[in-house]
Amino acid sequence: MQLAHTEQSPFRQVGKRVVIATVVLVATVLLVYFDRDGYRDNNGGELSLLDATYYATVSLSTTGYGDITPVTPGARLVNILIITPLRVLFLLILIGTTLEALTARSREEFRVRRWRSSVRQHVIVCGYGTKGRSAIRALVSTGTAPDHIVVVDPSPAMIEEANSIGLTGIVGDATRADVLKRTSIEKARAVIVAANRDDTAVLITLTVRQLNPSVPITASVREEENASLLRQSGADSVITSSSTSGRLLGLATDSPRVVAVVEDLLTSGHGLDLTQRTVSSSEVGMGARQLRDVVLSVTRGGRTLRFDDPQIGTLQSEDVLVVVRSHA
């Protein structure tokens with residue numbers, strides 16, 4: 001599992017530590033050189049800049065040959081209060097890369113455990129191809145937060161791409177139960193099956209339904225003849241990509257404006273939006289044609305009625321509407 005997060009490149013991390021270590025070393029050299037009268041060299045003579053650099057280097061690295069030592073109270077106080085903390089900082093910088101490598105895995109495991117304990121009502125998208133990416137864009141445009149979308153794909157490159165836009169990704173085969181269990185599928189609010197092959201879509205749907213008998217499943221198939229097989233496998237909604245595309249291509253030839261309106265309805269965020277909502281309290285008792293939104297269907301008691309069905313009568317409090325509304 002890969003949670004979305006930004007991480008600096010190894011070269012950038014090492015470069016930053018080298019810069020900090022150099023600053024600490026230069027600061028120590030200057031402290032020793034400006035207070036050189038407080039130090040004694042066993043070889044005699046006044047400390048030069050090279051001697052100060054040598055002392056700072058062996059001191060910060062805790063080598064300490066003892067050939068140059070602080071002898072005055074002031075120099076010793078500077079060593080205690082300033083150089084010793086700098087020595088500790090220098091050592092932490094030097095071993096920081098090693099500590100980073102040792103703790104990175106533990107931190108990632110902690111983040112994954114925390115995510116699994118807190119995630120709820122998320123959407124699982126099986127497949128990050130063209131259909132999967134389009135489905136995710138639609139989810140985000142209608143209000144689903146990226147951190148509530150989990151992508152499952154066998155390609156590490158696809159998962160890295162999903163991570164880059166804030167999605168949680170799992171590298172693996174969505175037909176395998178152990179892979180889907182890592183998505184916390186028992187707490188998901190929906191599953192989208194966007195596999196590239198129809199037989200793969202069937203296997204994923206069967207596995208999902210085995211792990212979570214009640215989660216809504218929307219699946220995509222290429223061939224219309226496989227749609228019934230997907231429904232028998234447990235999919236609640238099946239989108240046939242080839243036949244849908246074919247119908248739009250046919251309409252575009254003789255009725256291009258119809259296709260333009262369909263594209264507008266399917267594109268959220270501008271123009272006309274196709275949405276689902278419940279009846280508000282102020283709309284109860286009204287006719288479907290009296291609403292400001294254009295009502296296309298009414299779902300009542302598990303049945304979906306078209307807008308012109310006389311059984312609709314007046315709207316009831318539990319009705320679910322599919323409407324066309326203008327995006328402000």
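How many bridges pair β9 with strand β12, and in which sense do the two strands run? The close-up views below, taken from a predicted model, begin with this pairing.

**View 1. The pairing of β9 with β12.** Strand β9 and strand β12, the latter covering residues 320–326, are joined over seven bridges, and their pairing is antiparallel. Two positions in β9 show how the strands are matched: leucine 274 stands opposite valine 324 of β12, while aspartate 273 has arginine 325 as its bridge partner in β12. In general, the strands of a sheet pair through backbone hydrogen bonds, in either a parallel or an antiparallel arrangement.

**View 2. The four-stranded sheet that contains β9 and β12.** The strands of this open sheet follow the order β9-β12-β10-β11, and their pairing is antiparallel. Strands β9 (272–278) and β11 (303–306) form the edges, each of them pairing on one side only. From one strand to the next, the twist averages 25°.

**View 3. The pairing of β10 with β12.** Strand β10, made up of residues 294–300, runs antiparallel to β12 and is connected to β12 by five bridges. Among the matched positions, valine 298 has leucine 321 of β12 as its bridge partner.

**View 4. The surroundings of leucine 180.** Leucine 180 belongs to helix α6, which spans residues 177–181. Is this residue buried or exposed? Leucine 180 has a relative accessible area of 0% and therefore counts as buried, the cut-off for that term being under 20%. When residues up to four places away in sequence are left aside, leucine 180 touches Cys126, Ala174, Ile185, Thr207, Val208 and Leu211. Of these contacts, cysteine 126 lies 54 residues away from leucine 180 along the chain, yet the C-alpha atoms of the two residues are separated by 9.3 Å.

**View 5. Two residues with positive phi, glutamine 121 and serine 184.** Most residues other than glycine have a negative phi. Glutamine 121, although not a glycine, has a positive phi of about 55°, and this residue is located in the loop that links α3 (73–118) with β3 (123–126). Serine 184, which is likewise not a glycine, also has a positive phi of about 55°. The loop that holds serine 184 lies between α6 and β6, the latter comprising residues 190–193. With a relative accessible area of 4%, serine 184 is classed as buried.

Key: Residues numbered from 1 in each chain as written. Predicted model: local features only at pLDDT ≥ 70, side-chain atom pairs only at ≥ 80, totals over all residues. Heavy atoms only, no water. Pairing = 2+ DSSP bridges. Axes fitted to C-alpha atoms, helices over the stretch in contact; angles between N-to-C directions. Buried < 20%, exposed > 50% of the residue type's maximum accessible area, 1.4 Å probe, protein only. Contact = heavy atoms within 4.5 Å.
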